[in-house]
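Good morning, and thank you for making time for this. Please have the sequence and the model open while I talk you through them.

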Amino acid sequence: MSVSNGKWIDGLQFSSLFWPPPHDVQQKQAQILAYVEYFGQFTSDSEQFPEDVAQLIQSCYPSKEKRLVDEVLATFVLHHPEHGHAVVHPILSRIIDGTLSYDSHGSPFNSFISLFTQSSEKEYSEQWALACGEILRVLTHYNRPIFKVADCNNTSDQATASCSAQEKANYSPGNEPERKPLRPLSPWITDILLTAPLGIRSDYFRWCGGVMGKYAAGGELKPPTTAYSRGAGKHPQLMPSTPRWAVANGAGVILSVCDEEVARYETANLTAAAVPALLLPPPTTPLDEHLVAGLPPLEPYARLFHRYYAIATPSATQRLLFGLLEAPPSWAPDALDAAVQLVELLRAAEDYATGMRLPKNWLHLHFLRAIGTAMSMRAGIAADTAAALLFRILSQPTLLFPPLRHAEGVEVQHEPLGGYVSSYKRQV
């Protein structure tokens with residue numbers, strides 16, 4: 001490792017930071033915390049510290065060896081999310097310029113992913129969940145779309161799959177084939193979300209959708225521009241800061257990670273978590289009620305809803321419809337209109353759906369059956385709203401009698417344990 005003289009990182013040149021982590025768990029944890037504390041002593045210099053950390057990262061990666069520095073960087077961001085940009089920026093830069101290729105099992109990516117693993121030794125706590133959420137927030141703010149010449153050669157299998165997923169998601173006849181918008185951190189965020197508990201996933205999707213600003217502590221972030229950054233390790237230029245709970249094009253962020261999972265793993269666990277998080281009001285306490293913004297616009301998520309209803313089981317969609325119909329006015333001022341719009345979006349989505357189709361009897365399976373169940377209760381908000389929803393659907397013949405091309409679909413699958421189809425095979 002070569003560094004210039006006179007910097008605090010000089011003292012780390014021959015330290016255990018660049019050795020393999022100790023096998024003893026307690027010894028490893030003690031060393032990680034000691035280095036995190038050491039790093040924290042130099043954060044007061046807001047200009048020099050990011051440059052020093054960037055130089056450290058440029059010297060360490062790419063690397064096929066697992067070293068203590070991997071876990072130190074991840075733990076530092078966990079403990080000091082306000083300085084997370086100092087670590088994420090240089091990693092992003094090396095991904096953009098092709099110096100570093102994403103690999104979920106490689107360094108430094110795996111050390112961040114492992115932080116989200118819930119084990120018996122690390123019980124779930126609100127403080128830990130918020131800290132993990134801050135890491136996701138930092139990564140998301142720096143995951144802006146960029147235009148880069150598509151080059152899927154000489155990359156890992158995961159990076160190649162990611163490139164293919166982004167190309168399919170962004171292809172249109174008018175686009176130049178060699179310049180496509182990419183979100184370079186989406187594969188990393190996807191693997192983190194797949195590892196994280198459901199609570200963290202749901203909070204993340206609510207935050208991206210503008211539903212709830214749960215990650216609300218600390219200062220502002222300055223995300224990079226979408227311009228292509230040239231030169232090894234060069235930092236992307238900065239944009240004016242955005243509010244911590246606001247995400248530019250939240251629908252694009254959510255679709256990016258959900259599409260990534262489908263393309264690489266042929267599963268839709270993130271889709272199954274994202275749709276209820278967007279449609280149902282989050283559980284709140286009197287302390288955080290002010291953070292809830294309400295039901296987001298549904299149209300940007302039409303493709304996500306289409307995939308969800310193509311794989312979800314009737315019990316899952318019934319719970320979803322009941323929750324939407326019984327939502328308080330503060331969440332959905334007109335839940336009936338929202339439910340009708342959802343049906344209309346699903347019907348329209350069949351026009352551009354490729355490969356995966358809704359079941360032939362999807363309207364009966366996911367809506368009319370649930371409406372009948374709600375009306376049989378003969379009391380409560382759901383029963384009255386369900387009757388009104390049935391009238392609205394019956395008054396629109398185009399919803400009940402689609403064009404002939406929509407009559408072809410996939411047969412509904414039997415319901416497995418857990419409420420969702422256990423495996424999702426890509427048909428695109």
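I will go from the whole protein to its cores, then to one helix and finally to the cysteines.

Please keep in mind that this is a predicted model, in which local features need pLDDT of at least 70 and side-chain atom pairs count only at pLDDT 80 or more, while totals for chains, interfaces and linings use all residues. Residues are numbered from 1 along each chain as its sequence is written, and side-chain values use heavy atoms, with hydrogens and water left out.

The secondary structure comes to 17 helices and two strands, where helices (H or I, at least four residues) and strands (E, at least two) are DSSP runs numbered from the N terminus. Of the 428 residues in the protein, 50% are buried; buried means under 20% relative accessible area, exposed over 50%, and partly exposed in between, with a 1.4 Å probe and protein chains only. Among contacts (heavy atoms within 4.5 Å) with a separation of 6 or more, 77% join residues 24 or more positions apart.

Turning to the interior, a nonpolar core is a set of buried Ala, Val, Leu, Ile, Met, Phe, Trp, Tyr and Cys residues joined through side-chain atoms within 4.5 Å. The largest one has 109 residues, and Trp188 and Phe205 have the most contacts inside it. If we leave aside neighbours within four places in sequence, Trp188 is in contact with residues including Ile91, Tyr102, Phe109 and Leu139. A second, separate core has six residues, among them Trp331 and Ala335.

Ala335 is also one of the buried residues of helix H14, which covers residues 335-349. Eleven of the 15 residues of H14 are buried, and Arg347 is among them. The end C-alpha atoms of H14 are 21 Å apart, which agrees with the expected 21 Å, that span being 1.5 Å times one less than the number of residues. At the start of H14, a side-chain oxygen of Asp334 comes to within 3.3 Å of the backbone nitrogen of Leu336, a polar contact by the rule used here (N or O atoms within 3.5 Å, one able to donate a hydrogen and the other to accept it; residues adjacent in sequence count only if both atoms are side-chain atoms).

How many disulfides are there? With a disulfide taken as a pair of cysteine sulfur atoms within 2.5 Å, the count is zero. For Cys208, the nearest cysteine sulfur is that of Cys258, 9.7 Å away. Cys208 is buried at 3% relative accessibility, and Cys258 is buried at 0%.
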